[in-house]
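Colleague: I am new to this structure and would be grateful for a guided reading of it. May I put some questions to you once it is before us?

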Amino acid sequence: MSGTEIDDDGMVRVRGARVHNLRDVAVAVPRGAVVAFTGVSGSGKSSLAFGTLFAEAQHRYLESVSPYARRLLRQVEAPRVDAVTGMPPAVALEQRRSAPSSRSSVGTISTMSNLLRMLLSRCGDYPPGAARLDSDAFSPNTPAGACPECHGQGVLHRATERSLVPDPSLSVREGAIASWPGAWQGKNLRDILGVLGHDLDRPWRELPAAEREWILFTDEQPVVTVHPEREPGRIQRPYQGKYSSARRLVLKAFSESRSESTRAKAAAFLEQSPCPLCHGHRLRPEALAVTFAGLPITGLAALPADRLAALLQPFTADEGPAGLITADLAERLSALRRLGLGYLSLDRAAPTLSTGEFQRLRLATQLRSGLFGVVYVLDEPSAGLHPADTEALREVLAELRAAGNSVFVVEHDMAVVRGADWLVDVGPGAGAGGGEVLYSGPVDGLRSVSSSATRRFLFAPPPPPASRGRTPSGVLRLRGVTRHNLRGVDVDVPLGVLTAVTGVSGAGKSTLLGAAAEAAAADPSVGRVVTVDQTPLGRTPRSNLATYTGLLDVVRKLFAATEEARRRGYDAGRFSFNVASGRCPTCEGAGSIEVELLFLPTAWNPCPDCHGSRYNPQTLEIAYRGATIADVLAMTVDDAAPFLADVPAAARILTVLQQVGLGYLRLGQPAPELSGGEAQRVKLAAELHAARRQHTLYLLDEPTTGLHPADSEVLAAQLHRLVDSGGTVLLAEHHLPLVATADHLIDLGPAGGTGGGRVLATGVPASLTATPGSPTARYLASYLGSD
């Protein structure tokens, strides 16, 4: 390891880090510097930056907080590390995938909504005779400001007979009331209605109107004695049951549940309509009557940051409160615009932001925080960023450093890495093949590290790949596309080739992909539409690599076909950890036990009985070639490939997983542990393994996000395989090496938001380099070496 034999002063030192795949790592990095952590996907760089350094900083901070306060904070697991010294307090700006509240917006995250409310309160133009309002009156999230009709939602949700009973031909016993809960609770409500004398077997539409009205909407909650129907093998005793109307139950679930899935399920049984009082603006009429520069607060918040900054600029010179507030707003808006987010409006809902947009929004907010001596840990801040905006990102990182802070960046963009003061390269491979610090020192020193996958792309990037120049087999015509910032766009998407949609952030690329999906669904020349995105494969540990790809089905059949399994009468279901007969009864096949701690984060401990294997002892007595089913799931793809090489169904799946660069993953690796890029490549592997690929349209939105350039090369090769097999690939992308390989480009712009949404040019990559007014053309020309 180079570059670490220096004085202790000003260094953060790590000794014996063993988080995830890190192998007893020791490293030193300087404080007060921009430090880039590089390496192929899965090498362990995030485990070092976030899982070790940030986790240790937070762990130390929480030790100074009272146990009661700790439970209110989002906590990470204490890292497995011998020692971390010289580590200041840290702030993590991650690419979180959990969706914020629907009431959260760009304005609330950046705190600019507070300034905007203060501006209207103190400096707004009020109607004659109107009393001056407090700033809370301009927030839909406070009782003083929320519209009294819709409670600040902007829409009304009503339960109607049509929404609660979608199929009136069914009887109550057949499930006419679709909004009722399932399982025992639904049966309980049905039995109570029977006791109350209602006909459970008559079609819903034939029941008297007054009876239907009472069942669905009554405010009464009668309590009756229920005698359950007898069921074989069960003892049924009478009980007291209380009836609640269908409307009461669904509205309670929608308004009170903390579960997003429960709320979404309840919303499906409610009809939504604009609020007649605020007309969707969420505020009281008296707040909407106050204006500044001729616009109410909702009008100001709806403007893109670029236009809002221009509107406020003339007022920044005022000496009164208006000048102070607008000057502060202008500076915060400037930070957004510098990071390529000038197309966002303050009222843009947070759940609609991409992970890259969300992280850069928080980064822009930190520029105004005034913190000193803090370590900022960032997860690929260049994600979703056009090359035109990368230089501004580098300047922002340098500003944080100049303010007396340290910036630790997990990054794949070589332009950002070149601008760092220090580089930590982790590798050489991924998973078990990584976990070592190959180099730690000034960026230029990586030239001498031959085992580094990053070195080639940083100092001697490969020549630009050539476009394949395939001939389209047809055309998908998009006509008059008008949504978001696209206005009457007409464009042809060629079929049977790889097409890249380019443009700056907010130009309308993702919107165009959505329009293509809808058009393809109605086009007979497109057999099916597949979106290969970076969303998780599953949200529970029960979903894993083997279950998603279908490999576990093949493996379970192999174990069921062994002589001992046949002798015992074990079928393939016995070897599923989701089936009671084969799984461990203690952890129910999860492999770990959830431990609830009152003032500490919930902990997961290995199951004391199965020790993480997920299966009961009897199931683990069955062996295939000397390995149990748990042993096979613990194998990596690379280990399993020779073990199952003579099993064609398994070999095909494993080969494809290796081809997309996932040989380091364990077969039983839980889905929540996979990164977005890994999840996307698993989905891609599943498609490459699928027999039906002809006449399929594959949609990918920035597929290289989170991928090292070496992994992006692998991804590009597999995307072209899909096209060679008769499919069509349409992707939105900023990564120029992938863009250059496309058969066809659609360039949108010239700017983001309302300044974009136009088709600037279409054609082969080389033909777009001279497109006037295109930010992409300039960078593509430089990459291809064109004049």
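**Salt bridges, a sheet and cavities**

Modeller: To begin, E564, R567, R568 and E621 are linked in a network of salt bridges, a salt bridge being a side-chain nitrogen of Lys or Arg within 4 Å of a carboxyl oxygen of Asp or Glu. The model is predicted, with local features needing pLDDT of at least 70 and side-chain atom pairs counting only at pLDDT 80 or more, while totals for chains, interfaces and linings use all residues. Residues are numbered from 1 along each chain as its sequence is written, and side-chain values use heavy atoms, with hydrogens and water left out.

Colleague: How many salt bridges does a search of the whole structure find?

Modeller: Side chains of opposite charge can pair when their charged atoms come close. Searching the whole structure for such pairs gives a total of 33 salt bridges.

Colleague: Which parts of the chain does the salt bridge of D82 and R18 tie together, and how many residues apart are they?

Modeller: The side chains of D82 and R18 meet at 3.0 Å, N to O. Both are partly exposed, D82 with a relative accessible area of 46% and R18 with 27%; buried means under 20%, exposed over 50%, and partly exposed in between, with a 1.4 Å probe and protein chains only. D82 lies in the loop between α2 (67-70) and β4 (83-85) and R18 in the loop between β1 (11-17) and β2 (25-30), so the pair ties together parts whose separation in sequence is 64 residues. Helices (H or I, at least four residues) and strands (E, at least two) are DSSP runs, numbered from the N terminus.

Colleague: Is R470, which meets D724 in a salt bridge, buried or exposed?

Modeller: The N to O distance between R470 and D724 is 3.0 Å. R470 sits in the loop between α17 (453-459) and β16 (474-483), and D724 in helix α26 (residues 709-724), 254 residues apart. D724 is exposed, at 53% relative accessible area. R470, at 18%, counts as buried.

Colleague: In which strands do R477 and D492 lie?

Modeller: Their side chains form a salt bridge of 3.5 Å, N to O. R477 is exposed at 52% relative accessible area, whereas D492 is partly exposed at 29%. The two residues are 15 apart in sequence, R477 in strand β16 and D492 in strand β17 (residues 486-495).

Colleague: Which strands are the edges of the sheet formed by β2, β1 and β4?

Modeller: Three strands form this open sheet in the order β2-β1-β4, with antiparallel pairing; two strands pair if DSSP finds at least two bridges between them. Three bridges join β1 to β4, and R13 has T85 in β4 as its bridge partner. The strands that pair on one side only, and hence form the edges, are β2 and β4.

Colleague: Which helices each supply at least two residues of the lining of the largest cavity?

Modeller: A cavity is a set of points, on a 1 Å grid over the protein atoms alone, where a 1.4 Å probe fits but cannot get out, and lining residues have an atom within 4 Å of a point. The structure holds three cavities of 30 Å³ or more, and the largest has a volume of about 40 Å³, the volume being the space filled by probe spheres set on the points, which are joined across faces, edges and corners. Its lining consists of S110, M112, R332, L336, A364, T365 and R368. The helices that each supply at least two of these lining residues are α13 (321-338) and α14 (355-366).

Definitions and conventions:
1 Å grid on protein atoms, 1.4 Å probe; cavity = no way out; pocket = protein on both sides within 12 Å on 5 of 7 lines; lining within 4 Å.
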